[in-house]
Each structure stands twice: as C-alpha cells, then as structure tokens.
Amino acid sequence: MQLHIYSPYRVCPLGAHVDHQHGIVTGFAIDKGVDLRFDVVESSRVTLRSETFAGDVAFDIATPTLVKQGNWGDYARGAKFALQKRFQLRHGIDGVIKGSLPVGGLSSSAAVLVAYVMAFAKANNITLAPFEVMKIASEAEREYIGLNNGLLDQACIALGKKDHLLMLDCESNEYRLIPKADNMPDFELGIFFSGLTRSLMSSDYNLRVTECKTAAWIVQAYENIPLRTHDKTFLRDVPESMYKRHRDEMPPRFSRRAEHFYGEHKRVREGITAWETGNLEWFGSLSKASCESSIHCYECGSPELIAIYEAMLTTDGIYGGRFSGAGFKGACIALVDPSKKDSIAQAITEKYLARFPQYKDSFQVFFCKSDDGARFV
C-alpha cells in the first residue's frame, strides 16, 4: 500500500535570525509544501525520484551513512544519519517527492527532512512524536547538511496548527500554539518570489551565526566570564544590560548583530501580545520593523528582496511582512487582506519588475493560508 506524507513549508513573521542564538521565534505552517509518496520495501534499499530535481537517488538504509554527495539526495541521507544514531534501520522505501512552490525562502529543506524522517520511521515501525521528528530533522540539517540553524523551521513544520501562531523558546524548547483571536480580521499570507533561488550553504548564513556568537564572546570577555566554545555560546546567555555596557567598545559589525537579537526578542514578545489581542495592524508593523533590522543590523537581503520589501511598504492591503528564510535571495512574505489579493499581486509585480525586468519570467506571487503540520494523508 502506498503511503503519502504532506510536509508543509513555513513562514516566520517575527523572530528572524535568532533561533540559532536560543531566542524566541514565531511561525506558521502553510498550505503549500512537499508531498512524499512511497512504498515500504522488504529490502534495505532506498530509491527516490524527484519531480523538482533531476536524477534518481539510491542508497542502503542499513549501512553507515557516507559523506554528502552534493545533490538533492543528501537530505534523505541526512535523515538516515540522524535516525541511525538512535535506531537500527532495516527497511527502505521506494518514493517520489514533489514540492508545490519554487525553492527559496520557505524552508523547503526542512520540509523534505521532516518528510524523510517520518517516512523512514514508518518503514521501520518507529513511533515518533512531532517534537521528536522536529529534533531529529534539525539535527540532520546541522550535523549532516552543515547548516548551523536553530529549531524554528522544523518546529513550524512538525508542530504547526491551522489558525494558530507557533511560539517557540529555542533555549528551553517550550512552545505554545496560540489560536487566532476571535476579533482578528481575516488574513492570508502573500509569498513574493524574487525569481532567484539560493542555497543557505552558499550564502553568508553560517557567517552570520558565527558573528552573533562572537558578539556574545566579546561581551563575556569584557565581563571576565569564562568563555565556552562557539558551539556552546549564545547571545541569549548575555543579558542586554551587560551588552549595553560594552557595545561602544565592540567592533560595529558585532554590535549590529547583537542589536538585532535584542530588538527582535522584544518584537517577538510584543507580537505575541498583538496576536493574542487580535491586533493585526500592530503585529504587521512589528514584522516590518523586523525586516528593517534585518537589513540594517543583521545586514542580509539582496537588492531584489529589498526591492520587494520596499514595494510592500507602499501597497494597500498589506499589514506587514519581511524577508522569508535567511534573507539571502529567496522570497518575501506578508500578512495581507484577502479582499485585496488581486490588487496586491498586480502592484507588487509592477513595482518589482520596473526595477528588475530581467525576472519577468521567474518572479511569482502566491497566496497561502496557515495549515496543520506534517502528517500522513
């Protein structure tokens, strides 16, 4: 019997670039994502085909995981790698994977990792709670793929719930699913693809993570606090008051990264209050402030993404929004008034292509709603 897993993409309206520093983040799973259809096989052979990427992938799930191959199959190998640390795997799958939106900005890598973890667990009669799926998929991305991210992406994808905002504390791993307030106006999520795709592994993503950790290190050094290795150093461990005592002594690059972290921490807390009280205008304004900080303090965002964001600021019907994902190429997301979707799509398209006409064949606009997390269909 063929099995079918749907693993959604995610958007993060507030909490940009802070999960890897043990910050507080928010997010939605959305009704676009990855579909993995597969049969469990008696042998240990894994065979996968993609409707998005060329070439088939095949490997043995029972043998030790080899080094990365540099193709889309590395995500399946990463899921195997993380699961093998906990369980003995004997049975493979024969499957086909398909994404419903262009790659770039919606954590498609995390969505496929979650799908593979769930599929390999099912094939081997391993029962995993959504929180366990999240942690295993995150470990696969960090330790095998080599992206030093936090838990945000996998948490939204594994734990998300329709019409609820996920709040995750990346230090304690405590989370809440906060229902949409009864008085909140209807909204949808606009996804504006720049026409560029990007790989976080070839961007400055890992560099930014290191810069944040270095900022924490610098403050701790000034305070004569014993230093730990970078992998155990986080800005969340440095009180803002301590940082403020030393920010003028720090190289500006590192103080800007810290400013973003502390500012985003406050915006997330305010945003949760805005969401709980149904104040979508306030919530949207905080998302815009998050993007401004991403541009000026975190220093990410290609000219294309900044152009989309600036177009959003002058378009009626958009409550607020920001870069999606790490902000290196990819997409922008926005909370929008559903009654104005047509005019929003037209306005953003015209404004963006007036500046970047070379993307007329690849720029795309989509509208999505929040959805439940990864599941068997």
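Contact here means heavy atoms within 4.5 Å. Keep that in mind for the close-ups below, which come from a predicted model.

**View 1. Helices H7 and H8 lie side by side, running in roughly antiparallel fashion.**
Helix H7 covers residues 252-276 and helix H8 covers residues 280-296. Their axes come within 9 Å and cross at roughly 170°. Angles over 145 degrees count as roughly antiparallel, and H7 and H8 are therefore roughly antiparallel to each other. On the H7 side, look for Arg256, His260, Glu264, Arg267, Glu270, Gly271, Thr273, Ala274 and Trp275. These meet Trp282, Phe283, Leu286, Ala289, Ser290, Ser293, Ser294 and His296 of H8. Sorted by class, the residues of this H7 and H8 contact comprise 6 nonpolar, 7 polar and 4 charged.

**View 2. Helix H5 meets H7 at a roughly perpendicular angle.**
Here H7 returns with another partner, helix H5, which spans residues 205-222. The axes of H5 and H7 come within 8 Å and cross at roughly 95°. Angles of 65 to 115 degrees count as roughly perpendicular, so that is the description for H5 and H7. From H5, the contact takes in Leu207, Arg208, Glu211, Cys212, Thr214, Ala215 and Ile218. From H7 come Arg253, Phe254, Arg257 and Ala258. This contact of H5 with H7 holds 6 nonpolar, 1 polar and 4 charged residues.

**View 3. Helix H4 is mostly covered by its surroundings.**
How many of the residues of H4 (residues 152-159) are buried? The count is 8 of its 8 residues. They are Leu152, Asp153, Gln154, Ala155, Cys156, Ile157, Ala158 and Leu159. What do the buried residues of H4 pack against? Two helices take part, H2 (108-123) and H3, along with strands S1 (3-11), S2 (24-40), S6 (164-169) and S7 (175-179).

**View 4. Helices H2 and H4 pack at an angle of about 55°.**
One of the partners from the previous view, H2, is shown here with H4. The axes of H2 and H4 are 9 Å apart, and their angle makes H2 oblique to H4. The crossing of H2 and H4 is right-handed. Ala110, Ala111 and Val114 of H2 meet Asp153, Gln154 and Ile157 of H4. By class, the H2 and H4 contact has 4 nonpolar, 1 polar and 1 charged residues.

**View 5. Serine 138 sits in helix H3.**
Helix H3 runs over residues 130-145. Is serine 138 buried or exposed? Its relative accessibility is 0%, so serine 138 counts as buried. The side chain of serine 138 makes a polar contact with the side chain of arginine 142, at 2.7 Å.

**View 6. Alanine 129 is in the loop between H2 and H3.**
With 36% relative accessibility, alanine 129 counts as partly exposed. To place this loop residue in the whole model, use tyrosine 262 as a landmark: the two are 133 residues apart in sequence. In space, alanine 129 and tyrosine 262 are 32 Å apart, C-alpha to C-alpha.

**View 7. Glutamate 304 belongs to helix H9.**
Helix H9 is made of residues 303-313. Glutamate 304 has a relative accessible area of 10% and is buried. Which residues is glutamate 304 in contact with, leaving aside its neighbours within four places in sequence? They are Ser194, Leu196, Tyr352, Phe356 and Tyr359.

How values were computed:
Residues numbered from 1 in each chain as written. Predicted model: local features only at pLDDT ≥ 70, side-chain atom pairs only at ≥ 80, totals over all residues. Heavy atoms only, no water. Axes fitted to C-alpha atoms, helices over the stretch in contact; angles between N-to-C directions. Helix = DSSP H or I, 4+ residues; strand = E, 2+ residues; numbered from the N terminus. Parallel < 35°, antiparallel > 145°, perpendicular 65-115°, else oblique. Nonpolar A, V, L, I, M, F, W, Y, C, P; charged D, E, K, R; others polar. Buried < 20%, exposed > 50% of the residue type's maximum accessible area, 1.4 Å probe, protein only. Polar contact = N/O pair within 3.5 Å; in protein donor to acceptor, adjacent residues only side chain to side chain. Left-handed = near helix turned anticlockwise from the far one by under 90°.
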